[in-house]
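Here is a model to go through by question and answer. Each answer sets a value against its criterion.

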Amino acid sequence: MSNSINNKLNPITEAIRIQIPRTNEQEHSTPLYLTSSFRFDEAETMRAAFADENDENIYSRFSNPNVDEFIKKMCVLEGAEAGFATATGMAAVFASMFALLKQGDHLICCSSVFGSTHTMVTKFLPRYGIETTFVAANDKDAWEKTVKTNSKMVYLETPTNPQLEIIDLEWAGNFCKQHNLILNVDNCFATPLIQKPIDYGADLIVHSATKWIDGQGRVLGGIVVGKADLIKEIFMFSRNTGPSLSPFNAWVLSKSLETLDVRLQRHCENAMKVALALKQHKNVSRVKYPFLEDHPQYAIAKKQMKAGGGIVCFEVNGGIEKGRRFLNNLKMLSMTANLGDTRSIASHPASTTHSKLSEEERLSVGITPGLIRISVGLEYADDIINDVMQALD
Ligand SMILES: *Cc1c(COP(=O)(O)O)cnc(C)c1O
């Protein structure tokens, strides 16, 4: 599959201009293909489609023009050979693991991963005889020690949720190459416009498109992109198990990619302003943002990220009670489970997204009782800052 309409165009332009062929109506914007299946004129073409001898669409669980357009744009943005789009981010994580791991395999997983990913790996993979070792994000010796003869895949997120730890992708890429492991990176927090794991040797990238990619809090979606041979396995697994993305959501997400670059620029600018303002407040003990110089992995962040992203986290003095009081005092910011929206969102990971972890597991990945995560939106920066400040006062 060629993902590029013109090799000379920048991926940002391609994310705007890639389009499936127009119909006879010559519509400018891509229409919505709400159809479960596709018809054939000749029995032979249909036979060949089922035998994978042509690229014809058969059934929307396998492929659909709207879904293809979204996949092509994401492949260009990530620099990937191929991709498969899914109904949610978790379906992408699920497919990337279940399609490629089998009984007896060993997975090495970064200890701070998205809550549902943690549950999937600890509660469900073992039922199928796949064991996982969790390793602290930046403990390089521990990564080396955990490799076994049956190790097959490394799964990591950077920046991590919600602690915003940064893992050195160049190091991780070399580590996986040396040990012949599949490197699978959840690039949800950064997006390909901020960081491209494939440049450092990642084999697979998974995304929750629900977050910055939609960016407007409307639809759920996910995608896996990467090496063509691995995506082929994921496609065969998925077309027979059914986690496919709906055409409508794909249409929304493909449109969303046209504005991803401008949206992210403002998200990142606003996030930096919020981080700097938080540092000045007496009721805040610790502010974490990848592009603040006192971030523990600031140098790595600067090396592999083009901007700091839209998430800021901080510790409210006074622990769990003060953390909840902060949320209750907010007048504009939303208290909701999403992130990566035009609207700024505040959340308290210890009592929500990471409540299924034990207290000990939470503390080991830095989720302290007073930790607050802000997904900085596109509102006027002073309005966001004023709301946060009055809630802290
Ligand atoms: C939200 C999220 C997911 C899961 O995505 P859904 O679309 O909610 O299924 C996976 N990884 C990260 C980092 C996320 O933030």
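The questions below cover the ligand site, the overall fold and some backbone details.

Q: What kind of model is this?
A: This is a predicted model.

Q: Which residues surround the ligand?
A: The ligand is surrounded by Thr88, Gly89, Met90, Phe114, Glu157, Asp186, Cys188, Phe189, Ser208, Thr210, Lys211 and Gly221. A residue counts here if one of its heavy atoms lies within 4 Å of the ligand.

Q: What makes the approach of Met90 to the ligand a polar contact?
A: The cut-off is 3.5 Å between N or O atoms. A backbone N or O atom of Met90 lies 2.8 Å from an oxygen atom of the ligand. The pair therefore qualifies as a polar contact.

Q: Which distances put the side chains of Thr210 and Lys211 in polar contact with the ligand?
A: For Thr210, a polar side-chain atom is 2.6 Å from a ligand oxygen atom. For Lys211, a side-chain N or O atom is 2.7 Å from an oxygen atom of the ligand. Both pairs are within 3.5 Å, so both are polar contacts.

Q: How much of the ligand does the protein cover?
A: On its own, the ligand has 380 Å² of accessible area, and the protein covers 91% of that.

Q: In which pocket does the ligand sit?
A: The ligand sits in the second largest pocket. The test is that more than half of its atoms lie within 2 Å of the pocket's grid points.

Q: How does the shell around the ligand divide by class?
A: The shell has four nonpolar, five polar and three charged residues. Gly counts as polar in this scheme.

Q: Why does the radius of gyration agree with a compact globule?
A: A compact globule of 393 residues would have a value near 21 Å. The protein has 21 Å, so the two agree.

Q: What are the spans and the secondary structure of the protein?
A: The C-alpha trace spans about 75 × 55 × 35 Å along its principal axes. There are 14 helices and twelve strands.

Q: Which omega values go with the cis peptide bonds at Pro159 and Pro162?
A: From Thr158 to Pro159, omega is near -5 degrees and the bond is cis. Between Asn161 and Pro162, omega is about -5 degrees, again with a cis bond. Pro159 lies in the loop between strand S4 (151-157) and helix H7 (169-179). Pro162 is in the loop between S4 and H7 as well.

Q: What is the sign of phi at Asp52 and Asn180?
A: Asp52 is not a glycine, yet its phi is positive, about 60 degrees. Asp52 is in the loop between helix H2 (43-50) and helix H3 (65-78). Asn180, also a residue other than glycine, has a positive phi near 55 degrees. Asn180 is in the loop between H7 and strand S5 (182-186).

Definitions and conventions
Residues are numbered from 1 along each chain as its sequence is written. This is a predicted model: local features need pLDDT of at least 70, side-chain atom pairs count only at pLDDT 80 or more; totals for chains, interfaces and linings use all residues. Side-chain values use heavy atoms; hydrogens and water are left out. A polar contact is a pair of N or O atoms within 3.5 Å; within protein, one must be able to donate a hydrogen and the other to accept it, and residues adjacent in sequence count only if both atoms are side-chain atoms. Accessible areas come from the Shrake-Rupley method with a 1.4 Å probe; for residues, only the protein chains shown count as cover. On a 1 Å grid over the protein atoms alone, a cavity is a set of points where a 1.4 Å probe fits but cannot get out, and a pocket is an open set with protein on both sides within 12 Å along at least five of seven lines; lining residues have an atom within 4 Å of a point. Helices (H or I, at least four residues) and strands (E, at least two) are DSSP runs, numbered from the N terminus. The radius of gyration is taken over C-alpha atoms; the globule rule is 2.2 Å times the number of residues to the power 0.38.
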